[in-house]
Amino acid sequence: MSETSKIEIRSLRKSFGSNEVLKNINLDVAKGGVVALIGPSGSGKSTLLRCINLLVTPDGGSVRVGDTRFQFGEGAKLPDVRTLARFRATTGMVFQHFNLFPHMTTLQNVMEGPVTVRRMAKADAEKLARAQLIKVGLAEKADQYPATLSGGQKQRVAIARALAMEPDVMLFDEATSALDPELVGEVLAVIQQLASEGMTMVIVTHEIAFAREVADRLIFMRDGIVVEEGPARQVIDTPREAATRAFLSHFHRTGALPPATTAS
Amino acid sequence: MYQWDFGILWSYRWLFLNGLGVTVGFTVVIVVCGLLFGLLGAFGTLSRFRALRLLALTFIEAFRCTPILVQLIWFYYALPILAGVEMTPITASALALSLYGGSFYSEIIRGGIVSIDKGQSEAGAALGMTPGQSMRRIVLPQAIKRMIPALMNQSIIQFKNTSLVSVLAVPDLVYQSQVAAHDSYRPLETYTAVAVAYAAILIPLTILVRRGEKRLAVGE
């Protein structure tokens, strides 16, 4: 698998002070694969996600996305800021709290990456940004400021902003956890569409039913280790580990996805 | 009963105007230089490097925690002896006031920058921005809006602090009015007029800034 995998994580370790958050994590994501990371809060799943685009610097192990590989730990030199920036430009990330730029319109938010990072001409960036906004169903909100949008709309803009960098992989950090329940569906619908287009994705989520539908592999983490890993449906429907069973018992595992009420 | 006679000041009008010109010009210089020092100080305190942080902090506290009047006198009389550089009263007082203002601006600018949610610079980094790019494009534009009221406040204080340069015989508005007061034996009228002159410049300015703040608040 490692020959063809898009993301490869080996022996990853991370501590915050004396708190060991990630203990020897290994992870492979195939090209076009969708991996869901689930687990209780404090399990390290968000930290693992943030190690993939190096928003969090690991203490040891290695991270590879595409052809770029970084080694961490004893004797390994930390990558400089320019190398890091170039690397992150190839991975898109969507945050729990959207983190849209409030001083820019929706369109400017989506154009920001292409213009500032990729040095794209304004006109080209605008064309690209408008196309991304159409894709997430928010073309008519282009000139509005984020403050005027609903949570679901904000998150869709955030997805468009990440997609405008035309990344190889997309990372979702609890993208629907801050949303009102009735707004979850519209965001999940966009993520599902990306999955069907073959985008490589790692999704940290509490939406178990969604993970079952969209992810092909599922990883259950607890206390900084991978407790169970396998095909999403198999892990959710017939978990092997007691810890996984205990965690999943808090959720409705099957059933319809939350309705994607609107596309606008 | 004291007989007020403001008419007598008219004959000193050129002296006052001269002094006012020096005061305003001086303020522009020390606000601009002060902001520059402030920016350096703020980035210093936020630096990744410990030595830079320490240096910036020392600068800020040294100037924040000593009286400006003492600094002015010290820069003019003591620094030349210590460092062997002669300075005109104007240079010495411009330097002292810029550094003094800069120490306060530093804290305002630093406070503005750290008040911006960490998620903002993370989102910039996730897009592939360098720390410099995300500071310029994402953090500073938002932080400056928050800093403006405090920066304005500090600049008003700077404007009024220029009155202290008269102790080094810099011919500002206060210095010239001292001359006028001695000459006319009318200190009450003279200083009343000076107070009115300061207020007449500052009050319209504060109104202008208040309007500007409202315009800047778009989109929040």
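What follows is a walk through the fold of chain A, its nonpolar cores and a few of its residues.

The model is a predicted one. Chain A is built from nine helices and ten strands. Its radius of gyration comes out at 18 Å, close to the 18 Å that the globule rule gives for 264 residues, so chain A is as compact as a globular protein of that length. Laid along its principal axes, the C-alpha trace of the chain spans about 50 × 50 × 35 Å.

Turning to how the chain packs, buried residues make up 55% of the 264 residues in chain A. Among contacts with a separation of 6 or more, 65% are between residues 24 or more positions apart. On the outside, chain A has an accessible surface of about 11,100 Å², and carbon and sulfur atoms account for 48% of that. As for charge, chain A carries 31 positive and 29 negative charges, and the mean positions of the two sets are 3 Å apart.

Next comes the interior. In soluble globular proteins, nonpolar side chains tend to be buried together. Here, the largest nonpolar core holds 52 residues, and the members that touch the most others are Leu133(A), Ile159(A), Met170(A), Phe172(A), Ile191(A) and Met201(A). Helix H6 of chain A, residues 181-196, gives the most to this core, with eight residues. Met201(A) makes a handy example: setting aside residues up to four places away in sequence, Met201(A) touches Val29(A), Gly33(A), Val34(A), Val35(A), Met170(A), Phe172(A), Ile191(A), Leu194(A) and Ala195(A). Apart from the largest core lies another one, of 41 residues, including Leu12(A), Val35(A), Met93(A) and Ala126(B).

Two single residues round out the picture. Thr91(A) sits in strand E6 of chain A, which covers residues 91-94. With a relative accessible area of 1%, Thr91(A) falls under the 20% cut-off, so this residue counts as buried. Neighbours within four places in sequence aside, Thr91(A) is in contact with Asn53(A), Val65(A), Pro167(A) and Val169(A), and also with Ala126(B). That last partner, Ala126(B), is also one of the residues of the 41-residue core.

Gln193(A), for its part, is found in helix H6 of chain A, the helix that gives the most to the largest core. Even so, Gln193(A) counts as partly exposed, at 31% relative accessibility. Asn19(A) is 174 residues away from Gln193(A) along the chain, and 38 Å separates the C-alpha atoms of the pair.

Definitions and conventions. Residues numbered from 1 in each chain as written. Chains lettered and ligands numbered in written order. Predicted model: local features only at pLDDT ≥ 70, side-chain atom pairs only at ≥ 80, totals over all residues. Heavy atoms only, no water. Helix = DSSP H or I, 4+ residues; strand = E, 2+ residues; numbered from the N terminus. Rg over C-alpha atoms; globule rule 2.2 N^0.38 Å. Buried < 20%, exposed > 50% of the residue type's maximum accessible area, 1.4 Å probe, protein only. Contact = heavy atoms within 4.5 Å. Areas by Shrake-Rupley, 256 points an atom, 1.4 Å probe, with all protein chains shown as cover. Lys, Arg positive; Asp, Glu negative; His and termini not counted. Charge placed at Lys NZ, Arg CZ, Asp CG, Glu CD. Core = buried A, V, L, I, M, F, W, Y, C linked by side-chain atoms within 4.5 Å.
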